[in-house]
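The report below describes selected features of one structure, taking up a sheet, a helix and an arginine contact in turn.

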Amino acid sequence: MEIRGDMEAPYRVVDAGFGPWVGRGPVGLEEEAMAPGGAARRAKAQRRAADPRPAVLEVEPALVEEVVYQHGHTREVLPLAEVEAEYGPVRPVGPPPDADVMRLLELVRAAGGRALGTLAAALYAVELRIGASGPQPVPEGGSDVPELLMPADPLTAGRPGSREAMDFIDFVWTVGPTISGDRLDEELHREATVVFYRWATGPVFVEFAENIAEMLAPLIEDHGIASVADLLLLSEERIEWAVSKTSL
């Protein structure tokens, strides 16, 4: 991803391995060097500053100020150019195309109580297509950063620190494989799979949990969760993410 001088750096980006990065700048290299990660990060900061001294950097912050990004799980901190060089290509996180949302909502209305289960099945199919193996636990050690407590998964890379993301990906992998037969709407499944794959792999990565919840919110507000979920799903606690943008 090329960021020209007249462009604003994106707040969130996703790397080639679906690694989540969030903007933490602009900050000086002194601040970056003291961020969690210790010696390796300080050494990298020193190389960029061309400062041979091994201890705390004593350079003018204004001279080295730059926007930096922090990985949502490893806490590695890098300028965007280095994220691109080491982990790229990098894509910005952005909203879904209006046309996609309108078409999906049309199909969801037609699918009725089969809609939410069918969306789970489509999302699960996308996970398998891109080679995901389910939400992976973050390495042990604990953290005071909420994002680090969340399981890593390609479809949560847009905003891994949200509660919706954790509930959402648990829903996809628990419910998605179970939806078939009369519980599946074939047309919604076919088109949603294509759209969701594009959201995950296109030039702009679309955050899934929040945007799908926002898409469903008006329908659920007007007609209740039963308008999109069958009886089996209504007893499933994992559907809570789907009503997170409603007043229910």
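## Sheet, helix and a polar contact

In strand 2, Trp21 is the bridge partner of Val13. The model is predicted, so local features need pLDDT of at least 70 and side-chain atom pairs count only at pLDDT 80 or more, while totals for chains, interfaces and linings use all residues. Residues are numbered from 1 along each chain as its sequence is written, and side-chain values use heavy atoms, with hydrogens and water left out.

Strand 1 (residues 12–14) and strand 2 (residues 20–23) run antiparallel and are joined by three bridges; strands pair if DSSP finds at least two bridges between them, and helices (H or I, at least four residues) and strands (E, at least two) are DSSP runs numbered from the N terminus. The open sheet has six strands in the order 4-3-2-1-5-6, with mixed pairing. Strand 4 (77–79) and strand 6 (205–206) stand at the edges with a single partner strand each, so one side of each lacks a neighbour in the sheet.

Of the 15 residues of helix 6, 12 are buried, so the helix is largely enclosed by the rest of the structure; buried means under 20% relative accessible area, with a 1.4 Å probe and protein chains only. These buried residues pack against the following helices, where contact means heavy atoms within 4.5 Å.

| Partner of helix 6 | Residues |
|---|---|
| Helix 5 | 98–111 |
| Helix 9 | 208–223 |
| Helix 10 | 231–234 |

Arg183 lies in the loop between helix 7 (163–175) and helix 8 (186–201), and its side chain joins that of Asp230 in a polar contact of 2.8 Å.

How values were computed:
Polar contact = N/O pair within 3.5 Å; in protein donor to acceptor, adjacent residues only side chain to side chain. Buried < 20%, exposed > 50% of the residue type's maximum accessible area, 1.4 Å probe, protein only.
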